[in-house]
Amino acid sequence: MSARSVVITGAAGSIGQLAVERLARRGFRVHAVDKRALERLPLGSEAHQVDISKRGFDDVLRRVRPDAVLHLARERRFTVAARERYRLNFEGTARVFELCLGAGVKKFVFPSRHTVYGALADNPAFLREEHPPTAGRTFPEIQDLVAADLYVSALLWRNPEIEVVVLRPVNVLGPTVNTLFSRYLSPRRVFTVAGYDPVHQVLHEDDLAGAFERALAPGLRGVFNVTGPGEVPLHVIVEESGAERIPLPEPVIRIVRGRLGFAGIPQGALDFLKYPCTVDGNRFREATGFVAEHGLRETIRSLRGRRT
Amino acid sequence: MSPRSGLTRSRIRCGPPRACAGKTACVDDGPGARRPGSAAGGGSGAALVHPTRKREADPEQREAPVHDIPRVAYDAAVPRPFRAWEAVLDRLVDPETDARIEALAPSVNEYGYDRWGASPAATKRAFSFVRWLYRNYFRVEVHGIDRVPPGRALLIGNHSAQLAYDGMLIAAAMILDAEPPRFARAMIERFFAVPPFVNVAMARMGQLIGIPENAERLLMEEEALVLVFPEGERGGGKVWRDRYKIMGFGQGFLRLALKTQTPIVPFGFIGGEEMCPSFSRMEPLARLLGLPYAPLTPTVLPLPLPAKVHIWFGEPLRFEGQGDEDDHVITPKVRQVETAVKALIDAGLAARKGVFFG
């Protein structure tokens, strides 16, 4: 049997690089796609420097005819205009899927985030996949990502001929990964909202790559939360990651975020520092046997490598 | 049982501060270390299991063993200077509270928290004070606490006392007077999840906001003891002329009991109305402050008077059903529980000799 081939979009991003490396090591024929330059690709993988919203990408899919597509390309910067974000994150996703249909791709894996559920004071603990993703209400900056998540989830019944997997992993931490949460934790001094300390779940970046690998297994389809080694209050994550924690009242945070060495995070993200958004990862665990290999302490401390 | 229970456990014993003199955690790890209270399988904390795995991979981890955690390093959402107070409070944890909460065999992760964010260490600090209130201030007497069955159960009773002092004392009763001790998880008002500090304090003591999903998970995955006041704020904020009147039970608890096949233990709480009488809910003011009600009490702030408290537990009630029946099927069952609670209240009122003594 020949090795399975996978196209990874957004392969130059921090999570994309992890995915390329992991899947190449596990014997996949990896085709890394990104509009940015792709460097230091592992042996046996192929780089395609194209924009997924341009024709060049159509050619790649037609030529490669991969077994699976891992669609990681996103515009996550909040400095980019909302219109641009929508164009790539929502319309781009729809376009990639349409092309997959045309190219006879058997599997479409779409990593989303647990943040689509939104952090609300009256969230039940451990949200199941059926819980409506309501983040748009309190975190309008990520409406495009919520829309894309729902769009792909709907493909499960609209296009049953293709195995669609939506992953909603919890906060990913690690020495290389670059997410809003890891950027929030990166400065030497990290603010928290005084009087709030919600429980957060974390997942090591290597375990996320492991989850991608599981998601690519033939036969698996559905929407899955992906959880890691457990849950701890936010202050533990901040302090254990090596930062100095500065609890500040919310009105003060509105002023200092992005200044005085604090991370600049959007207003909507502040709710994640106040209210819980924990998810139930049992469905993925039961469907794939996935178990995070990195413990809680190891996962949180992996951030220390970033601080020198 | 939690689906995670098959995985490695790591339990930090939040031992008495005297024993470990603030250096490192008193730790035990392994099957031989189970506390006697958990042996019956009835301890609600027994199933709170957190997986911790594979720590050997990172050489840095070896230098700092997982269990080598400073006891007071991680506890509440407070700035560092307050941690010194926590160390002081840790020394004030009384031996009874310490032993009884230990006996719950709380299964926590390497940072001392369970998956809901509860901290046995913080619970001990708070309950050392609650124990004083329980024994010396309210002089609580429990009647029939052995009727609370092992395994999952719903504690259902009358609400009073304006600020959930009744919930606090019932939780204390289950820890201090039940054999083996049980950790009662109260389903609290959603309102408490919003104000700063209060929400953290509630979470650390294992109290969760009253959402059916939370209760169901506690009952089904952890065989927990869940405390519900089905009157909600109608009962908690009731005024003096309505004392010991049941303000109407909601249906949610009964549907939950049917769905999860959980026995309902009714209780009557006597003394709550007198400890914090309210003469008005002052609703216009409450609306202004964004509160469900604003009690007008003799003590101005809703602080409790030292009324003597009796808690009467009834025989468990078991109902058959699925939980999704029509209202006309559910309502008579709810009335049955109401009647049981009312009977316990009436018996309790008849038996007590005085409001403050006897």
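## A sheet in chain A

Two strands count as paired if DSSP finds at least two bridges between them. Keep that in mind as you look around this predicted model. In chain A, strand β9 (residues 199–204) is linked to β11(A) by four bridges, and the two run antiparallel. If you'd like a spot to zoom in on, find His200(A): across from it, in β11(A), is Val232(A).

Those two strands belong to an open sheet of three, ordered β7-β9-β11 in chain A, with mixed pairing. At the edges sit β7 (171–173) and β11 (230–233) of chain A, each with pairing on one side only. On average, neighbouring strands of this sheet are turned by 50 degrees against each other, ignoring direction.

## A helix across the strands

Staying in chain A, have a look at helix α7 (residues 205–215). This helix lies across β7 and β9 of chain A, and runs at about 70 degrees to β9(A).

## Two helices in chain B

Now hop over to chain B. A pair of packed helices is described by the angle between their axes and the distance between those axes. Here, helix α8 (residues 212–222) of chain B packs against helix α10 (residues 252–260) of chain B at about 35 degrees, and their axes are 11 Å apart. The crossing of α8(B) and α10(B) is right-handed.

Who touches whom? On the α8(B) side you'll find Pro212(B), Ala215(B), Glu216(B), Leu219(B) and Met220(B), and they meet Leu256(B), Lys259(B) and Thr260(B) from α10(B). Sorted by class, this contact between α8(B) and α10(B) has five nonpolar residues, one polar and two charged.

Notes:
Residues are numbered from 1 along each chain as its sequence is written. Chains are lettered from A and ligands numbered from 1 in the order in which they are written. This is a predicted model: local features need pLDDT of at least 70, side-chain atom pairs count only at pLDDT 80 or more; totals for chains, interfaces and linings use all residues. Side-chain values use heavy atoms; hydrogens and water are left out. Axes are lines fitted to C-alpha atoms, for helices over the stretch in contact, and angles run from 0 to 180 degrees between N-to-C directions. A crossing is left-handed if the near helix is turned anticlockwise from the far one by less than a right angle, and right-handed if clockwise. Contact means heavy atoms within 4.5 Å. Ala, Val, Leu, Ile, Met, Phe, Trp, Tyr, Cys and Pro count as nonpolar, Asp, Glu, Lys and Arg as charged, and the others, Gly among them, as polar.
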